[in-house]
Amino acid sequence: MSGAVLAADALQLLHAVLLIVGALLPVVNPPGNVPIFVTLTRGCDEATRRDLARHIALYSFMLLLGSMLLGSLVLRLFDLSVAALQVAGGAVVCALGWNLLHYEPPANEALPDPRQARQVALGRAFYPLTLPVSVDAGVIAVAITLGAHHGQTLANKALQATAAVIGAAAIAVSLLLVYRYAGRVSGWLGNKGMEVMLRLSALLVLSIGVQIVWNGMKSLLSELQTA
């Protein structure tokens with residue numbers, strides 16, 4: 001009997017983890033962030049990018065796990081809605097996408113000193129490389145939604161918390177691996193290829209920001225209509 005119960009719990013845990021990863025991974029889209037990561041770490045050596053990848057993975061893990069476990073509680077504490085988070089966070093994403101879309105390095109600009117580039121890049125580890133490049137408002141909103149439906153029993157809550165830890169860790173590892181080898185991808189694509197990828201990624205980020213804002217505004221407008 002105990003073996004059957006353990007098997008059922010393991011299957012339920014697997015389903016919960018797959019739901020979290022399946023919902024979050026396409027929204028996070030680690031490969032799509034590579035051109036932005038490379039641009040914001042210009043002049044850095046591979047050792048710096050490895051360190052940055054570890055920092056970003058850790059920060060992303062904490063953000064995702066915190067959003068799933070405590071996000072809805074924090075929103076209730078400050079009397080905020082997911083829609084308000086989407087509008088505010090989406091505006092930040094739009095600003096980032098717009099700036100990247102119009103980014104033009106100065107002509108004949110020399111690469112910065114590796115030590116100086118390292119200091120600048122490490123200062124960007126949380127903002128903007130983690131938030132909002134890697135984990136934007138849309139990702140946080142999805143994570144909060146996933147974490148808002150905990151079971152009523154202690155066992156179900158423990159299972160959902162375990163699934164949240166595993167799912168957030170899986171997303172963090174994917175970011176770690178992608179950013180860890182971003183320099184090699186940049187070398188394969190070359191300067192022109194990275195330029196094209198950066199513009200496309202910036203346009204995508206801007207579009208995602210607009211979509212996040214629009215989703216939040218629709219929710220807020222529907223609340224006004226039902227009030």
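## A charge over a ring

Let's begin with a detail that is easy to find on screen: the charged end of Arg 180 sits over the ring of Tyr 181, 4.8 Å from the ring centre. Keep in mind as you look around that this is a predicted model.

## The overall picture

Stepping back, the protein has nine helices and zero strands. Reading along the sequence therefore gives the pattern α-α-α-α-α-α-α-α-α. The C-alpha trace spans about 70 × 50 × 25 Å along its principal axes.

How much of the protein is buried? Of its 227 residues, 38% are buried. Among contacts with a separation of 6 or more, 92% come from residues 24 or more positions apart.

## The nonpolar core

In soluble globular proteins, nonpolar side chains tend to be buried together. Here, the largest nonpolar core has 44 residues, and those with the most contacts inside it are Leu 24, Ile 36, Phe 37, Leu 64, Met 68 and Tyr 179. Helix H3, residues 46-77, supplies the largest share of this core, with eight residues.

Ile 36 is a good place to trace contacts by eye. Setting aside neighbours within four places in sequence, Ile 36 is in contact with Leu 100, Val 133, Leu 198, Ser 201 and Val 205.

## Two aromatic pairs

The structure holds two aromatic pairs. In one, the rings of Phe 37 and Tyr 179 have centres 4.5 Å apart and planes at 15 degrees; planes under 30 degrees apart count as stacked, so this pair is stacked. The pair links distant parts of the chain, with Phe 37 in helix H2 (residues 34-40) and Tyr 179 in helix H8 (residues 154-180), 142 residues apart. Are these two residues buried or exposed? Phe 37 has 0% relative accessibility, so it counts as buried, and Tyr 179 counts as buried because its relative accessibility is 1%.

Tyr 59 and Phe 126 make an edge-to-face pair, with 5.6 Å from centre to centre and 85 degrees between the planes. Tyr 59 lies in helix H3, while Phe 126 is in the loop between helix H5 (114-123) and helix H6 (129-134), so the pair ties together parts 67 residues apart in sequence. Both partners fall between the buried and exposed classes: Tyr 59 counts as partly exposed at 27% relative accessibility, and Phe 126 counts as partly exposed at 37%.

## H3 against H5

How do H3 and H5 pack? Their axes are 10 Å apart, at an angle of about 10 degrees. Angles under 35 degrees count as roughly parallel, so that is the description for H3 and H5. On the H3 side, Ala 47, Thr 48, Asp 51, Leu 52 and His 55 take part, meeting Arg 118, Ala 121 and Leu 122 in H5.

Leu 52, in helix H3, is worth a closer look. With 0% relative accessibility, Leu 52 counts as buried. Not counting residues up to four places away in sequence, Leu 52 touches Phe 37, Thr 41, Ala 121, Leu 122, Ala 125 and Leu 129. Phe 37 is also a member of the stacked pair with Tyr 179. By C-alpha atoms, Leu 52 and Leu 101 are 23 Å apart in space and 49 residues apart in sequence.

## H4 against H7

The axes of H4 and helix H7 (residues 137-147) come within 8 Å and cross at roughly 155 degrees. Angles over 145 degrees count as roughly antiparallel, so H4 and H7 are described that way. Here Val 82, Leu 85, Gln 86, Gly 89, Gly 90 and Val 93 in H4 meet Ala 137, Ile 140, Ala 141 and Ile 144 in H7.

Gly 90 is found in helix H4, which covers residues 82-101, and counts as buried because its relative accessibility is 0%. Beyond its neighbours within four places in sequence, Gly 90 is in contact with Leu 85, Ala 137, Gly 209, Ile 212 and Val 213. The C-alpha atoms of Gly 90 and Gly 187 are separated by 32 Å, with these positions 97 residues apart along the chain.

## An exposed tryptophan

Where is Trp 188 found? Trp 188 is in helix H9, residues 182-226. Its relative accessible area is 71%, and the cut-off for exposed is over 50%, so Trp 188 is exposed. From C-alpha to C-alpha, Trp 188 and Ala 117 are 22 Å apart in space, and they are 71 residues apart in sequence.

Note on methods:
Residues are numbered from 1 along each chain as its sequence is written. This is a predicted model: local features need pLDDT of at least 70, side-chain atom pairs count only at pLDDT 80 or more; totals for chains, interfaces and linings use all residues. Side-chain values use heavy atoms; hydrogens and water are left out. A nonpolar core is a set of buried Ala, Val, Leu, Ile, Met, Phe, Trp, Tyr and Cys residues joined through side-chain atoms within 4.5 Å. Buried means under 20% relative accessible area, exposed over 50%, partly exposed in between (1.4 Å probe, protein chains only). Helices (H or I, at least four residues) and strands (E, at least two) are DSSP runs, numbered from the N terminus. Contact means heavy atoms within 4.5 Å. Rings of Phe, Tyr and Trp (its six-membered ring) pair if their centres lie within 6.5 Å; planes under 30 degrees apart count as stacked, over 60 as edge-to-face and the rest as tilted. A charge sits over a ring if NZ of Lys or CZ of Arg is within 6 Å of the ring centre and within 35 degrees of the ring normal. Axes are lines fitted to C-alpha atoms, for helices over the stretch in contact, and angles run from 0 to 180 degrees between N-to-C directions. Angles under 35 degrees count as roughly parallel, over 145 as roughly antiparallel, 65 to 115 as roughly perpendicular and the rest as oblique.
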